[in-house]
Number of protein chains: 2
Amino acid sequence: MSLVVIGTVAFDAIETPFGKTDKIVGGAATYASLAASYFFDKVKIVAVVGDDFPQSEIDDFGKHHVNTEGLQVKKGEKSFFWSGKYHNDMNSRDTLITELNVLADFDPIIPESYQDCEFLMLGNLTPQVQQTVIKRLHKRPKLIVMDTMNFWMDIALNDLLDTMKMIDVLTINDAEARQLSGEYSLVKAAQKILTMGPKYLIIKKGEHGALLFGDGKIFSAPALPLEGVFDPTGAGDTFAGGFIGYMAKVGTVNFNNMKNAIIYGSALASFCVEKFGTEKIKNLSEKEVAGRVQEFVNLSRFEIL
Amino acid sequence: MSLVVIGTVAFDAIETPFGKTDKIVGGAATYASLAASYFFDKVKIVAVVGDDFPQSEIDDFGKHHVNTEGLQVKKGEKSFFWSGKYHNDMNSRDTLITELNVLADFDPIIPESYQDCEFLMLGNLTPQVQQTVIKRLHKRPKLIVMDTMNFWMDIALNDLLDTMKMIDVLTINDAEARQLSGEYSLVKAAQKILTMGPKYLIIKKGEHGALLFGDGKIFSAPALPLEGVFDPTGAGDTFAGGFIGYMAKVGTVNFNNMKNAIIYGSALASFCVEKFGTEKIKNLSEKEVAGRVQEFVNLSRFEIL
């Protein structure tokens, strides 16, 4: 039984009010698989990089017990590269450079050893490629979580709607939920989106936490109030990876387990933003993760008499 | 032992995407005292109206056991009038008309029977008038809660800072916390504001809930996700009234009781926005309130194993 994560493994160059980086390793599959590895030790990635991607970075996945058999390394080609600059409020950013490179014709290969996949994380990518992965798995996983973004709603809406019919959980932010549904109220937005395929919807609200909709219920998870957000890049992917990693650990798919999975995902995302790139989430101890989760408990618990 | 509420009792004319009203009764003290009356039966208001204010509306306070001995009725003068129009997102609004009328030279009178005040709610008004009320109470109340807004930060900052030194709890929204502190991070904003006088700070985030800071702790309260917000007018006042009403009921001022008070205040505010003006919060049953509070529990409870 394994957890397969598909998404980008790539280079980012990031500028925030606190500093800027050269090319550092990023990508949805990088963040999500590292996050998932804190809860589950059979995480396997499907991605593509060029031969400019350092072997030492591939080895780092191994240190987290992340299987890279499905990571294609394209000879003579370059890895996907994104460069962006965050505004002062850290809630909005400008994309400076996008070089698709190997991603332009990414054809995901599912190694035979990945066919034991029971939990599938579709990180942000073209909906067409996300769908291909589902189709190439011989057995439908127990839980398929899909992350996507407004970009695909703008340029590939039909593909997105097709792929949404094949999944269990969709994770998007509040603006995207409004765009996808045409509804301003998130309750109405969720009602509509839950008729489009997914049984569960997670609406990510950044510093305001997250909402889980499904089974006729709603769960509101807080975000940890932070003194400063250093670099938001990868927070959503880290959240999704932590979420599905925890679900794979507990094994049973239900609303209650998803509530906890959201708290664990939020805890990891709160670490992610404290440093540039993957620096923080590459080096967490079990104790740090447990301590952060306890902060979420303390933050939101109340006892009505 | 009583709970004194000072603020406006006034007329509003409201336009939202769902409709518009003629002049209806509103005002911070109206909403706050009605909300408080669900938890505590010795609520007393200090306010001023003109003789255009209907006796039947004054009688309605009595039906909620709200004492109106401190409500001045100015002969030959007109009540404060505000008219506003909400935008489609319901989070922003334009003020169309503000007629101060009796409010222009409001000199609050504290009846002798109000001197048993142990809980004082300073609804949104000029900080100078709020301060006068504190000074005219012979004994310092056990808990002073102050609501204010960006308008006073713009035109009466020094008065506001002076009054803040005399209170226990400040309630403002997130934009106001940022304005008052000059800090974007709400954690840093709270740290600064808690050096300005109040021991506790409540940051109201509308559809994203509320944060309580104090005693070195943070509590994050969810907002109830609603299908639609019909009229947000008075929601903040209702929240504050429910908060201090619950505190008066339990009697002991500490962080844990404030957490519950925020949930009760949020529950009442969630009713407030379901209809125009005070219509909904004038007519709630105990069972409705308890049911709504239970919805908050269900919404936010999780059990980490």
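Biologist: How many residues of chain B are in contact with chain A?
Modeller: Happy to help; this is a predicted model, where local features need pLDDT of at least 70, side-chain atom pairs count only at pLDDT 80 or more, and totals for chains, interfaces and linings use all residues. Residues are numbered from 1 along each chain as its sequence is written, with chains lettered from A and ligands numbered from 1 in the order in which they are written. Two residues are in contact if their C-beta atoms, placed from the backbone, lie within 7 Å. On chain A the partners number 26, and on chain B the count is 26 residues.

Biologist: Which element gives the largest share of the side of chain B that touches chain A?
Modeller: Helices (H or I, at least four residues) and strands (E, at least two) are DSSP runs, numbered from the N terminus. At least two residues each come from α7 (186-193), β14, α9 (255-272) and α10 (286-300) of chain B. The largest share, 4 residues, belongs to α10(B).

Biologist: Which strands stand at the edges of the open sheet in chain B?
Modeller: Strands pair if DSSP finds at least two bridges between them. The 9 strands run in the order β6-β5-β1-β9-β10-β11-β12-β13-β14 (chain B), with mixed pairing. Each edge strand has a single partner strand, so one side of each lacks a neighbour in the sheet: these are β6 (66-74) and β14 (217-221) of chain B.

Biologist: Which residue stands opposite B:Gly214?
Modeller: Good one! Strand β13 (residues 210-214) of chain B pairs with β14(B) in the antiparallel sense over 5 bridges. Opposite B:Gly214, in β14(B), stands B:Lys217.
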